[in-house]
Amino acid sequence: MAHSFVVAPLLAQRIFEIRFALVLAAALDCIQTIKSQNVNLWRMFKEYMSDLQLIKDKINIVDLVGEYVELKPAGLNKKGLCPFHHEKTPSLMVNSERGRWHCFGCSKGGDIFSFVEEIEGMEFIEALRFLADRAGVPLTAMQSDIDKSQ
């Protein structure tokens, strides 16, 4: 009888080890699947970000905003009346080095994409296509993703 008390804990330990091994194998299989998918997602993300940066590099934000707003020099920046709210004193600042715009009156701001979205009433994908066409940057790497979202 004393012998069965020793066997039961050993059997329970062995069952635990087998279950743990099965769970670990399943987890490793899932991790491998996720890893292979993440490699593809990471590659797509890098291509997407490089296309965005290429568009930003080719389009000067001062020129873009200047098509909608009269801009005047203000130190390193350009300033003008914000098109997003009524004002008499310029509070819209555009910085070409940073590629950013900001209005100190209504607190809106961003990059070329957000400006086009705001001024033209476009969604991001529409602004992306609009600016990519303007910059002459093909969006072939993400064309299928863009088409799916439409």
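Tyr68, Phe84, Trp101 and Phe115 form one aromatic cluster, and it makes a good starting point for a tour of this predicted model.

**The aromatic cluster**

The count of aromatic pairs comes to five. Two of them are set side by side here:

| Pair | Centre to centre | Angle between planes | Geometry |
|---|---|---|---|
| Tyr68 and Phe115 | 5.6 Å | 65 degrees | edge-to-face |
| Phe84 and Trp101 | 5.5 Å | 45 degrees | tilted |

Tyr68 and Phe115 link distant parts of the chain: Tyr68 lies in the loop between H2 and E1, while Phe115 is in helix H3, 47 residues apart. Is each ring buried or exposed? Tyr68 is partly exposed, at 31% relative accessible area, whereas Phe115 has 0% relative accessibility and so counts as buried, being under 20%.

Phe84 and Trp101 are 17 residues apart, with Phe84 in the loop between strand E2 (77–80) and E3, and Trp101 in strand E4. Both Phe84 and Trp101 are buried.

**The sheet**

Trp101 also leads us to the strands, since it stands opposite Gly110 in E5. Two bridges join E4 (residues 100–103) to E5, and these strands run antiparallel. The full sheet is open, with five antiparallel strands in the order E1-E2-E3-E4-E5. At its edges are E1 (72–74) and E5 (109–110), each pairing on one side only.

**The nonpolar core**

The largest nonpolar core has 26 residues, and Ile55, Val65, Leu92, Val94, Ile112 and Leu131 have the most contacts inside it. Helix H4 (124–135) is among the elements giving two or more residues to this core; its five residues are the most from any element. Beyond its neighbours within four places in sequence, Ile112 is in contact with residues including Ile55, Leu64 and Leu131.

Notes
Residues are numbered from 1 along each chain as its sequence is written. This is a predicted model: local features need pLDDT of at least 70, side-chain atom pairs count only at pLDDT 80 or more; totals for chains, interfaces and linings use all residues. Side-chain values use heavy atoms; hydrogens and water are left out. Two strands pair if DSSP finds at least two bridges between them. Helices (H or I, at least four residues) and strands (E, at least two) are DSSP runs, numbered from the N terminus. A nonpolar core is a set of buried Ala, Val, Leu, Ile, Met, Phe, Trp, Tyr and Cys residues joined through side-chain atoms within 4.5 Å. Buried means under 20% relative accessible area, exposed over 50%, partly exposed in between (1.4 Å probe, protein chains only). Contact means heavy atoms within 4.5 Å. Rings of Phe, Tyr and Trp (its six-membered ring) pair if their centres lie within 6.5 Å; planes under 30 degrees apart count as stacked, over 60 as edge-to-face and the rest as tilted.
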